[in-house]
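Open the model in your viewer and keep the sequence beside it. We will go from stop to stop, selecting as we go.

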Amino acid sequence: MTNPGRIIPYTLKMMVSKPATVTYPAGDVHQFPAIRGRIVYDAALCIGCTACMRDCPTDAIVIEKIVEKLPEKFFAATIMNDRCIYCAQCVDGCPKDALQFTPEFELAGLSRDSMHIRTAL
């Protein structure tokens, strides 16, 4: 470094300017309209084709038939948020739109059991 004094004006400028980072979680977060957050399962729309299970690269979805209500077709889904990579292949592959993304993105949990969401009628 031949002239170390060149950094002083830049340092003074940065001390009075606004920060370039987001103040999350203290401030508001700008969410994009197509954010991929928590997956929501609608059991009333599910036909049990298991296309979402086949499409999921991490096996984060398990669809099973509820045996107690045998005369009609009722299905339950277990969505494992600790495995999900939010790639949207399950949502795109569902022929009846039984799976949807929500804008909720704060999905941290203290245990793996809290990350497994079982949804049924």
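Buried means under 20% relative accessible area, exposed means over 50%, and partly exposed lies in between (1.4 Å probe, protein chains only). This is a predicted model: local features need pLDDT of at least 70, side-chain atom pairs count only at pLDDT 80 or more, and totals for chains, interfaces and linings use all residues. Residues are numbered from 1 along each chain as its sequence is written, and side-chain values use heavy atoms, with hydrogens and water left out.

**Stop 1: strand 3**

Select residues 75–80, which are strand 3. Helices (H or I, at least four residues) and strands (E, at least two) are DSSP runs, numbered from the N terminus. In a regular strand the side chains alternate between the two faces of the sheet. Look at one side of strand 3: Phe75, Ala77 and Ile79 are buried. Now the other side: Ala76, Thr78 and Met80 are buried too. Strand 3 is largely enclosed by the rest of the structure, because 6 of its 6 residues are buried.

**Stop 2: the sheet**

Add strand 2 (61–65) and strand 5 (116–119). With strand 3 they form an open sheet in the order 2-3-5, with antiparallel pairing. Two strands pair if DSSP finds at least two bridges between them. Strands 2 and 5 are the edges, each pairing on one side only. Strand 2 and strand 3 share 5 bridges. Strand 3 and strand 5 are joined by 4 bridges.

Which residue of strand 3 stands opposite Val62? Select Thr78 to see it. Then select Ile79, and find Ile117 of strand 5 opposite.

**Stop 3: Asn81**

Move on to Asn81, in the loop between strand 3 and helix 3 (89–93). Is Asn81 buried or exposed? Asn81 counts as buried, because its relative accessibility is 7%. Show its contacts (heavy atoms within 4.5 Å). Leaving out residues up to four places away in sequence, Asn81 touches Arg38, Tyr86, Met115 and Ile117.

**Stop 4: helix 1**

Finish at helix 1 (residues 7–16), and pick out Met14 there. Met14 has a relative accessible area of 39%, so it is partly exposed.
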